[in-house]
Amino acid sequence: MSEHDTIAPDRTGPDDRDRRPLAEARGLVKRFGDFTAVAGIDFEVHPGEAFGFLGPNGAGKTSAMRMLGCTSPITEGELQVFGLDPQRDGPQIRSRLGVVSQMDNLDLEMTVQENLVMYGRYFGISRSVLADKVEELLAFGQLTDRRASKVDPLSGGMKRRLSIARALVNDPDLILLDEPTTGLDPQARQLLWERLWTLKSEGVSLVITTHYMDEAEQLCDRLVIMDQGLIVDEGSPAALIERHCPREVVEIRYRSPDVQALGARAATDLGLRIDDLRDRLLVYTDDGEGVIAKLEPEPGAIASTLVRRSTLEDVFLTLTGRSLGEG
Amino acid sequence: MTAPVTGLRTVARVAERELQFFAAVWRAMAFSLFIAPFLYLVAMGIGLGGMMEDGAAGRPDLGGLPYRTFVAPGILVGTAAQFAAGSGLWPVMAGHRWLGFHRAMVNTPIAPTSIPAGLLSWIFVRSSVQAAVFLAIATAVGAIDSWWGVLAVPVAGLTGTAFAAPLMAYTASTDSDMAFDPIMRIVVAPLYLFSGAFFPLAAVPDWIAAIIRIFPLWHGIELARKATAGLDTEWPIAANLAVLAAWTGVGWLVGRRTFTTRLGS
């Protein structure tokens, strides 16, 4: 039996594959009844890159991801994955994708190993091929010593590593990760990022949705920022930051809202761009340390200051007026 | 070249998952699958039946059969149907919502439309196995004496799918399991009691008998009793089979839609 017993996907030559995008969307729309989840977006995912959808909850990231994964029909526009039409060729496309959804959707009554084997069977991979493959996946997921464990007692991080390992069972050409580290503790996130880095360094193509700017900065070569179903900008993390923000951000916490108002006025008078948040003032500048003294309306008015480099969070705030954490 | 994805293979993989799951948990189900129906047979067929009978002769109102011979095919099909009905409810909700293994499945070449067919194939097999085990036990205690009885095995399988198919179609269309217990208590359990498993349908008022004839269970029991005891069916055999096939087929077709809406929209 061949590895994929029902599907012989249209694998184009290596030269072609380097040039053609793995996925391409034009004017992509997804509506559920009256609700528009994705309001017309264009993007391309290229071979070997880690591509990100960054945006708050409800921005349309998951809907875009499900259309890419061929589990949700598009409402309008065009979408091609591997040059194929998701509507017509869904099973062929899915046979070449690895999907890690937000919910792990593991088979809780089965063991770690059985989960991997069964998922491989869904792709039509023979049990004899899977016997070797599963060893590789257990090692990748750092789950070899938990192979005989039921899934339920595993920690959140282990479950997520198992879902990622499972998504690799068919040697996918493209891996879709929807909010891969949401709900994990910092240690588990670090370990997961390290695993994803390993994949990335092996040249595996990734699409990642996230509302964590640090995740997007660490993992994505290129990303689109989404808000309310639309793409508000696109580029590498560094390019987006450079385009929208000065090098540094000063976060100033004042003793009272009144003095914060005075500080904000002073910054505006200096021609600085600010975000006057409820609990602190953000000042965008190329010289963080230099401006602090000019923004203290009276001695002792400032409770604390923090100078840091600009992040994608600041880009998002600049573009939308809201932070990523807000829905 | 892209080869067509054959639906039957993906259907088989859905059934394979059910088999693997069953292999992991069957011990926990063994009592209700295999032992409880045997206890019914002993209590009703031998205990209750022994009280009703004068000597070894059968009863005229039971088509001349001893009670245990009359009741055995009823329990055989009835328990398979009850178990299959439950399989159309909680496990399907688990697959869609609680645990999500059906949501994982549709990320692979398996399409949502393949899932109901795979589940029903498995339920046919499991109901048949359940019936075969019961048949062996019933034969051992003298409640079945014809080799034709083996035909009751696929009848139990088909009655199982006739219950499971419409229920799984319904489950895929709902967000809540609130109706599941009432369905089992108010529909499935009374059907078991009044569908001719324990006494002939002639014993109930006509209007109840008319309702009973709409549902699959009586048809399955009629067919099974024909197989195990040679008792003639009230309707033509083809008509009984057609009712079972219709419940299965319509449930499956509606399920294809509700599973697609649930898992692929």
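Visitor: Where in chain A does A:Cys70 lie?

Guide: A:Cys70 sits in the loop of chain A that runs between α2 (61-68) and β4 (76-81). Keep in mind that this is a predicted model.

Visitor: Why does A:Cys70 count as buried?

Guide: Its relative accessibility is 10%. The cut-off for buried is under 20%. A:Cys70 therefore counts as buried.

Visitor: What is the phi of A:Cys70?

Guide: A:Cys70 has a positive phi of about 60°, although it is not a glycine.

Visitor: Which loop holds A:Phe82, and what is phi there?

Guide: A:Phe82 is in the loop between β4 and α3 (86-94) of chain A. Phi of A:Phe82 is near 55°, a positive value in a residue other than glycine.

Visitor: Is A:Phe82 buried or exposed, and what makes it so?

Guide: A:Phe82 has 6% relative accessibility. Buried needs a value under 20%, so A:Phe82 counts as buried.

Visitor: Where is A:Asp227, and why is it called buried?

Guide: A:Asp227 belongs to strand β8 (residues 222-227) of chain A. Its relative accessible area is 10%. Set that against the limit of under 20%, and A:Asp227 is therefore buried.

Visitor: Which residues is A:Asp227 in contact with, leaving aside neighbours within four places in sequence?

Guide: A:Asp227 is in contact with A:Pro56, A:Ala59, A:Val232, A:Phe316, A:Thr320 and A:Arg322.

Visitor: What makes A:Glu44 and A:Arg26 a salt bridge?

Guide: The closest N and O atoms of A:Glu44 and A:Arg26 are 2.7 Å apart. The cut-off is within 4 Å, so the pair forms a salt bridge. A:Glu44 lies in strand β2 (residues 35-45) of chain A and A:Arg26 in strand β1 (residues 23-32), so the pair ties together parts that are 18 residues apart in sequence.

Visitor: Why are A:Glu44 and A:Arg26 called partly exposed?

Guide: A:Glu44 has 22% relative accessibility. A:Arg26 has a relative accessible area of 33%. Partly exposed lies in between under 20% and over 50%, so A:Glu44 counts as partly exposed, and so does A:Arg26.

Visitor: How do you know that the side chains of A:Glu251 and A:Arg308 meet in a salt bridge?

Guide: The N to O distance of A:Glu251 and A:Arg308 is 2.7 Å. With a cut-off of within 4 Å, the pair therefore forms a salt bridge. The pair links distant parts of the chain: A:Glu251 is in strand β10 (residues 248-254) and A:Arg308 in strand β13 (residues 302-309), 57 residues apart.

Visitor: Is A:Glu251 buried or exposed?

Guide: A:Glu251 counts as buried, because its relative accessibility is 12% and the limit is under 20%.

Visitor: What makes B:Arg59 and B:Asp61 a salt bridge?

Guide: The closest N and O atoms of B:Arg59 and B:Asp61 are 3.2 Å apart. That is within 4 Å, so the pair qualifies as a salt bridge. B:Arg59, at 25% relative accessibility, counts as partly exposed. B:Asp61 counts as partly exposed at 47%.

Visitor: Which residues do salt bridges that share partners join into one network?

Guide: The network contains A:Glu251, A:Arg253, A:Asp279, A:Arg280, A:Arg308 and A:Asp314.

Visitor: How many salt bridges does a search of the whole structure find, and how many are between chain A and chain B?

Guide: The search of the whole structure finds 34 over all chains. Between chain A and chain B the count is three. One of them joins A:Arg127 to B:Glu16, with the closest N and O atoms 2.7 Å apart.

Visitor: What is the area buried between chain A and chain B?

Guide: About 2,800 Å² is buried between the two chains, and carbon and sulfur atoms give 53% of that area. The contact takes 34 residues from chain A and 29 residues from chain B.

Visitor: Why is B:Trp247 called partly exposed?

Guide: The relative accessible area of B:Trp247 is 27%. Under 20% would be buried and over 50% exposed, so B:Trp247 is partly exposed. B:Trp247 is found in helix α10 (residues 237-263) of chain B. Not counting residues up to four places away in sequence, B:Trp247 touches B:Ala162, B:Ala165, B:Pro166, B:Ile214, B:Phe215 and B:Pro216.

Technical notes:
Residues numbered from 1 in each chain as written. Chains lettered and ligands numbered in written order. Predicted model: local features only at pLDDT ≥ 70, side-chain atom pairs only at ≥ 80, totals over all residues. Heavy atoms only, no water. Contact = heavy atoms within 4.5 Å. Buried area = accessible area lost by both parts, 1.4 Å probe. Helix = DSSP H or I, 4+ residues; strand = E, 2+ residues; numbered from the N terminus. Buried < 20%, exposed > 50% of the residue type's maximum accessible area, 1.4 Å probe, protein only.
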